[in-house]
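Look over the sequence and the structure below. The report then takes up the two DNA strands, a sheet and a loop residue.

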There are 2 protein chains.
Amino acid sequence: MNDITTPTAHMAPVTLRDIAERCQVSKSTVAQALRGQSRLAPATVARVLAVANEMGYDPSFHEGARRLALRKHGREMINHLVALFFPQEYLRIPFFLETFRGIADVLGAAGFGVCVGHVTGTHADGSLLPFPQVMRRGDLDGVIAPGSTLAQGLLDELRASAGFGNRPVVSLFDATAACSNAVADTPGGVREAMRHLLQLGHRHVLWVYYHITEQGPAPVDRYLAACRAMEEFGLAPARHLHLFPFIAEWVNPHTAHHDLAELEAGEAEPAHPLVEYLETHPEITAILAINDAFALHAWYTLHHAGYAIPEDISIVGFDDTDPMRDAHGTNLLTTVRCPLETLGREAGRLLLARITGEAVGEENVLLPTELVVRRSTAKPAE
Amino acid sequence: MNDITTPTAHMAPVTLRDIAERCQVSKSTVAQALRGQSRLAPATVARVLAVANEMGYDPSFHEGARRLALRKHGREMINHLVALFFPQEYLRIPFFLETFRGIADVLGAAGFGVCVGHVTGTHADGSLLPFPQVMRRGDLDGVIAPGSTLAQGLLDELRASAGFGNRPVVSLFDATAACSNAVADTPGGVREAMRHLLQLGHRHVLWVYYHITEQGPAPVDRYLAACRAMEEFGLAPARHLHLFPFIAEWVNPHTAHHDLAELEAGEAEPAHPLVEYLETHPEITAILAINDAFALHAWYTLHHAGYAIPEDISIVGFDDTDPMRDAHGTNLLTTVRCPLETLGREAGRLLLARITGEAVGEENVLLPTELVVRRSTAKPAE
DNA sequence: CTGAAAGCGCTTACAG
DNA sequence: CTGAAAGCGCTTACAG
């Protein structure tokens, strides 16, 4: 790809020299006047400013030259550009979008552009996409990214690049050492949700998680919070907290929710793993899902298999982003709400404070979550 | 805000001069070798390249200087940065996000950063936000924006700014003169949807639209398509196409869907305007909504008022972004699907072609839409 | 109080 | 085939 183009004729933009000529002063004087911090005669400053304004001088257009000149003296400029990195599929996930809104609002209000970058994007041949050029040449004043994304090596890559160095980074959703963090208290939300179920009388709960890691079912901190809540009620998690891994097809738009109705009409339906599991574990009376999408899929699946919600099984979601509406439009799903837009705002605020130098060290923000009790949870059947 | 910071000690990045010294050649030679297009001795080129590589020379880090130097010769560089402008609330709208994904994918794969900009953002005091700095200084190679946004004056503002000039612009969703367009054939979708209803036997249809303009109910092109479809069946739109303006509270997350259930328990419920309208116009047997969210709200409202869907009223949505699921998770809403991610890809492709110079003039892409018939439409009751 | 100078890191005519 | 020169537009020491 040819990177250089010869543009169609442009009106030449106004430069310091143009102003200097018109004012009959030197370029240095104009530069000083424009920067404001000088011992020039007030009258000179006023005259230069007036002429600059009249000629339509646009300093932002010449920031490149300014940056270059400043390097000589070992100083850097704020570029008013930050990147928001995230895995490609996040643009489909409502809880990310709420956060995105908060970030974009705060940074936009401060005059910063927010550049989006997919970290897990791949070329057609499967090779990983490199960062866009903007992100590789010191244009970025800072970066916001989900903790999971940073943990995958993005942070190291950024720190190693000459263009980024030790500029500020804010981790979103999950706390990460070596940068600032803006996270919601999701373990607290899990604890509340579990207490809610236990207080209703449930004793065997199915924990629907993402995938297993060496440390346990991910996200591990939430799993541990669920365990602790059980222990508070004198229950041994090993016996009372049942584990069920989430299955990708549940929320894949091409496979989820589409086949149940068709199966009705057709041949014998294969048993859904979740239904099988519950049939062999009749002591389970409640499901705690890692997000609303999983909760909804469990709900549809169980309804289809003849379970009544919440009479036979109580279901709790997470995030409060995907409603389960009845025919009146009322959301029935008990879930844990995270202050996502606020989380985004806080992430933006932390980053700005570091960029402008108002803050020096890393800072962590932890926002409370809130259990929202609706109609998908009830006392277990007796 | 102080724009300049004195950074912590950075390792000085490698420059042409460093390489030149090590190679015992001049800076010009190094520059030529690095650019590749020269009549240098192949051996020299090889040696310079090897040393540059070994020293870790990063050309992208010095793009600023390169840009500056190129200006002297009236040439411009591609900056690998484009902006995507949209009204603030679009980050909540699923149909925009699908499109966003397509845009980000295509541009990311080409090494371009995508910078998001809110056009309707306001400061706390209500004043309109200016563009972020990046967007005001010639950093942008091009812009993508919804047609509605461009029509509000963004295009003029961009063209008038020295930093942007006549760079390429692609209009999304709605066609706009004076730039390239990537739009879906929504009028075609409306026509199909209306034919579907008329073929089922409906004769009086309620058209739920955004708001009235001088040209008619917006979006006007879709309204006219609805009229034409009626005329094809020998019906006069003036008598058979009933107009109902959309009410903002319907999709405001703070007021929509929340109160119906609570009202059940409480005092006398005020009649919903839609219900009132249908009661005074019993000849209406079908609703054609401008998007799925409105269709869903109409559905919930009518269900609550005792109407059966589709037995009493057929409902057609638009976009296929918001499902109306039954308890099995099956989507019941008949609607018109737009190829949104593809639309985003096309918009990105058009922009890239202009930026790289592969395409010269404006180009328009029109993608077909598709009626998806589900269970919310049926023959009218008789 | 103001200006001439050196230089950020690069580019491309232009000499040799 | 290679290098010295001029310059992009700016900045800040440093003289005067």
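What follows is a report on selected features of this predicted model.

## DNA strand D

DNA strand D is surrounded by 27 residues. The closest are L16(A), R35(A), Y57(A), S28(B) and K72(B). Sugar and phosphate make up 68% of the strand D atoms that come within 4 Å of the protein. By class, the surface near DNA strand D holds 12 nonpolar, 8 polar and 7 charged residues. Four helices each supply at least two residues of this surface: α2 (27-35) and α4 (63-72) of chain A, and α2 (27-35) and α4 (63-72) of chain B. The largest share, 5 residues, comes from α4(A).

Several polar approaches can be picked out. A polar backbone atom of L16(A) is 2.5 Å from a phosphate oxygen of DNA strand D. From chain B, a polar side-chain atom of T29(B) lies 2.7 Å from a phosphate oxygen of the strand. A base is approached as well: a polar backbone atom of A65(A) is 3.1 Å from a base nitrogen of DNA strand D.

## DNA strand C

Around DNA strand C there are 27 residues, of which S28(A), K72(A), L16(B), R35(B) and Y57(B) come nearest. Sugar or phosphate accounts for 68% of the strand C atoms within 4 Å of the protein, and bases for the rest. The surface near DNA strand C divides into 12 nonpolar, 8 polar and 7 charged residues. Helices α2 and α4 of chain A and α2 and α4 of chain B each give at least two residues to it. Here α4(B) gives the most, with 5 residues.

Chain A offers backbone atoms to the phosphates. A backbone N or O atom of A41(A) lies 2.9 Å from a phosphate oxygen of DNA strand C. For S26(A), a backbone N or O atom lies 3.1 Å from a phosphate oxygen of this strand. Chain B offers a side chain: an N or O atom in the side chain of R75(B) is 3.4 Å from a phosphate oxygen of DNA strand C.

## A parallel sheet in chain A

Chain A has an open sheet of 4 strands, in the order β11-β8-β12-β13, with parallel pairing. Its edge strands are β11 (241-245) and β13 (314-316), each pairing on one side only. The twist from one strand to the next averages 20°. Strands β8(A) (residues 205-209) and β11(A) pair over 5 bridges. In that pair, V205(A) stands opposite L241(A) of β11(A).

Two helices are placed against these strands. Helix α7(A) (residues 186-200) lies across β8, β11, β12 (286-289) and β13 of chain A, and runs at about 175° to β12(A). Helix α8(A) (residues 220-232) packs on the sheet and touches β8 and β11 of chain A. The direction of α8(A) makes about 160° with that of β11(A).

## T176(A) in its loop

Where does T176(A) sit? Its place is the loop between β6 (169-172) and β7 (180-184) of chain A. T176(A) counts as buried because its relative accessibility is 16%, under the 20% cut-off.

The side chains of T176(A) and S171(A) are joined by a polar contact of 3.2 Å. Leaving aside neighbours within four places in sequence, T176(A) is in contact with G147(A), S171(A) and N181(A).

Definitions and conventions:
Residues numbered from 1 in each chain as written. Chains lettered and ligands numbered in written order. Predicted model: local features only at pLDDT ≥ 70, side-chain atom pairs only at ≥ 80, totals over all residues. Heavy atoms only, no water. Near = heavy atom within 4 Å. Polar contact = N/O pair within 3.5 Å; in protein donor to acceptor, adjacent residues only side chain to side chain. Nonpolar A, V, L, I, M, F, W, Y, C, P; charged D, E, K, R; others polar. Pairing = 2+ DSSP bridges. Axes fitted to C-alpha atoms, helices over the stretch in contact; angles between N-to-C directions. Contact = heavy atoms within 4.5 Å. Buried < 20%, exposed > 50% of the residue type's maximum accessible area, 1.4 Å probe, protein only.
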